[in-house]
Amino acid sequence: MGLLGGKVALVTGAGAGLGRAVALGLAAEGARVFGVSIVPAELDELAAAAAEAGVRVEPIHADVGDEADTQRVADAVLERQERLDVLVNNAGVIAVKPIEETEPGEWDRILRTNLRGPYLYCRAFVPAMKRRNEGTIINVTSQSGVMGFVGEAAYCPSKFGLEGLTQTLALELAPWHIRVCSVHPGVAMRTPMSMTTYDDAAKSEWVDPAEIAPGFARLAATTGQNITGRRFDVWQVAQQGVPGTTGT
């Protein structure tokens, strides 16, 4: 059954990179996983990878920043499963440019995907979690969520905002035993985004996202409220377990 036998999970940005690795990793631990991506070809590749691994991942085509798409996804998941135990808000985009070269449309796209998306997905699925008095929400941020970087005049604000959303929801949802935490990769990882943003030194040390994915499963399997409101180095969690807990 694995760590997550019987659980239902949804991962956004699941078509490639970290999201794909997390979707496959949660499925390998026994979860029924829904993987959301805006790129149809990536969903085909996700389905093929799941079939090859012998795990259960259902691809869904959707734009995470679109309210109607989000409601369609929520309706489909809840109609089929009547619950969602684990929500991983992973979808993200970046444009590394000085602020004077960052067009308003680029700013809007980054904030729409990286911050509006998690807001919409939390808003759509929290009522179902409240009804069951249980749930886990994992928001994927980065070091850009706690410090500034040159060329990230849109990306950093989106991740700072996601850290703020995490903290707010951790407090707001605690009475319903819904755990809300954020994670950052903790190590250089090879993804489509990092292929365009990492320098040669980082690329020489990067790891496959599949090595990071077990950290998500461990957080998703953690019971009690001792992870809520916390920010985790998910590479460390994958290697050593969840700090301050036992059995994961």
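**View 1. Asn139 and its partner across strands 5 and 6.** Asn139 has Ser182, in strand 6 (178-184), as its bridge partner. Strand 5 (135-140) and strand 6 run parallel and are joined by 6 bridges; strands here are DSSP E runs of at least two residues and helices H or I runs of at least four, numbered from the N terminus. This is a predicted model, with pLDDT of at least 70 needed for local features and 80 or more for side-chain atom pairs, while totals for chains, interfaces and linings use all residues. Residues are numbered from 1 along each chain as its sequence is written, and side-chain values use heavy atoms, leaving out hydrogens and water.

**View 2. The open sheet.** Its 7 strands come in the order 3-2-1-4-5-6-7, with parallel pairing (a pair needs at least two DSSP bridges). Strand 3 (57-61) and strand 7 (231-233) sit at the edges, each pairing on one side only.

**View 3. Helices on the sheet.** Helix 1 lies across strands 1, 2, 3, 4 and 5, at about 170 degrees to strand 1. Helix 2 packs on the sheet too, touching strand 2 and strand 3, and makes about 175 degrees with strand 3. Angles run from 0 to 180 degrees between N-to-C directions, with axes fitted to C-alpha atoms, for helices over the stretch in contact.

**View 4. Around Leu26.** Leu26 touches, among others, Val33, Val88 and Phe216, leaving aside residues up to four places away in sequence (contact: heavy atoms within 4.5 Å).
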